[in-house]
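Subject: Structure handover and notes

Hi there,

Here is the structure I promised to pass on to you. Please have a look at it first, and then read my notes underneath.

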Amino acid sequence: MQMPIGSPREELKNVLRASIFLVRRAIRDLVTPVFQASLKLLKMVITQYIPKHKLGKPETAHCVERTVPVLLTRTGDSSARLRTTASNFIQEMALFKEVRSLQIIPPYLVQPLKANSSAHLAMSQMDLLARLLKDLGTENTGFTVDNVMKVSARPARAAWSVVGVRSVFVEWMLE
């Protein structure tokens, strides 16, 4: 944040890329305060650094695309606290005005899970999908009725978690 306004654009982008590299490493860290600090840094980069220096949507997209897959992995963590923190942050990030308009996060949530995915990961991803569907809806969000129904109908190792998404989706459709 101490980069002066008017710094060369290439230098600003280099600082951004270095920050995201560090954020990705810190998200994977087993020490909870390091993980939490990475989320604070990521939020600051997306909501303050990029707008302050007028870097734009491509840089925001770069930040999200580089960090969401790692964060989604953390939603399958054995620690309930880390799972919840990662899931809540993804939901919060999806609602940032800088990220929401890009419609980047919903497609990650409707991708098929790997056959060897943990039950924690499946449950967290389905819960996050249900919460974001409720927050964002399907109108210009990256969620479509088709891709949400496909994800809720597919067989999964933790297929019982799909019931929650189906019920939220049906409840949302009835509103």
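Let me begin at a helix end: right after α7 comes Gly 137, and its phi is positive, near 75°. Please keep in mind throughout that this is a predicted model.

Two other positive phi values may catch your eye, since neither belongs to a glycine. Lys 54 has a phi near 50° although it is a residue other than glycine, and Gln 103 is not a glycine either, with a positive phi of about 55°. For background, most residues other than glycine have a negative phi. Both residues sit in loops: Lys 54 is found between α2 and α3, and Gln 103 between α5 (97-100) and α6. Their surroundings can be told apart by accessibility. Lys 54 has a relative accessible area of 68%, which is over 50%, so this residue is exposed. Gln 103, with 31%, is partly exposed.

**Overall layout**

The protein chain has 9 helices and 0 strands, so if you read the elements from the N terminus on, you get α-α-α-α-α-α-α-α-α. There are 175 residues in the protein chain, and buried ones make up 46% of them. As for contacts with a separation of 6 or more, 68% of them involve residues 24 or more positions apart.

**Back to α7**

How well does the span of α7 agree with what its residues should give? The helix has 18 residues, and at 1.5 Å a residue these should span 26 Å; the end C-alpha atoms are 25 Å apart, which agrees. The buried residues of this helix include Leu 121, Ala 122, Gln 125, Leu 128, Leu 129 and Leu 132. When you look at that list, it may help to recall that an α-helix has 3.6 residues a turn, so residues three or four places apart point the same way.

**The core**

The largest nonpolar core holds 40 residues, and the members that touch the most others are Leu 42, Leu 71, Met 93 and Ile 105. Two or more residues of this core come from each of α1 (9-28), α2 (32-52), α3, α4 (80-95), α6 (105-109) and α7.

Met 93 is a good place to start exploring. Beyond its neighbours within four places in sequence, Met 93 is in contact with Leu 42, Ile 46, Val 64, Thr 67, Val 68, Leu 71, Val 99 and Ile 105.

Next along the chain is Ala 94, which belongs to helix α4. Is Ala 94 buried or exposed? Its relative accessible area is 3%, under the 20% cut-off, so Ala 94 is buried. Once residues up to four places away in sequence are set aside, Ala 94 touches Val 99, Arg 100, Ile 105 and Leu 132. Ala 94 and Val 68 are 26 residues apart in sequence, with 10.0 Å between their C-alpha atoms.

**The largest pocket**

This part may interest you as a chemist. The largest pocket has a volume of about 310 Å³. Its lining has 14 residues, and those nearest the centre are Leu 72, Thr 73, Leu 113, Leu 121 and Gln 125. Which helices each supply at least two residues of that lining? They are α3 (57-74) and α7 (119-136), and α3 gives the most, with 3 residues. By type, the lining divides into 6 nonpolar, 7 polar and 1 charged. Leu 121 and Gln 125 also appear among the buried residues of α7.

**A few spots outside the core**

- Asp 29 lies in the loop between α1 and α2. With a relative accessible area of 29%, Asp 29 is partly exposed. Apart from neighbours within four places in sequence, Asp 29 is in contact with Val 34, Phe 35 and Arg 74.
- Gly 56 is in the loop between α2 and α3, and its 32% relative accessibility makes it partly exposed. Gly 56 and Glu 98 are 42 residues apart along the chain, while their C-alpha atoms are separated by 8.9 Å.
- Lys 97 is part of helix α5 and is exposed, at 68% relative accessibility. Between the C-alpha atoms of Lys 97 and Thr 47 there are 8.5 Å, for a pair 50 residues apart along the chain.

Happy to talk any of this through whenever it suits you.

Best wishes

Methods:
Residues are numbered from 1 along each chain as its sequence is written. This is a predicted model: local features need pLDDT of at least 70, side-chain atom pairs count only at pLDDT 80 or more; totals for chains, interfaces and linings use all residues. Side-chain values use heavy atoms; hydrogens and water are left out. On a 1 Å grid over the protein atoms alone, a cavity is a set of points where a 1.4 Å probe fits but cannot get out, and a pocket is an open set with protein on both sides within 12 Å along at least five of seven lines; lining residues have an atom within 4 Å of a point. Grid points are joined across faces, edges and corners, and a volume is the space filled by probe spheres set on the points. Helices (H or I, at least four residues) and strands (E, at least two) are DSSP runs, numbered from the N terminus. Ala, Val, Leu, Ile, Met, Phe, Trp, Tyr, Cys and Pro count as nonpolar, Asp, Glu, Lys and Arg as charged, and the others, Gly among them, as polar. A nonpolar core is a set of buried Ala, Val, Leu, Ile, Met, Phe, Trp, Tyr and Cys residues joined through side-chain atoms within 4.5 Å. Buried means under 20% relative accessible area, exposed over 50%, partly exposed in between (1.4 Å probe, protein chains only). Contact means heavy atoms within 4.5 Å. The expected span of a helix is 1.5 Å times one less than its number of residues.
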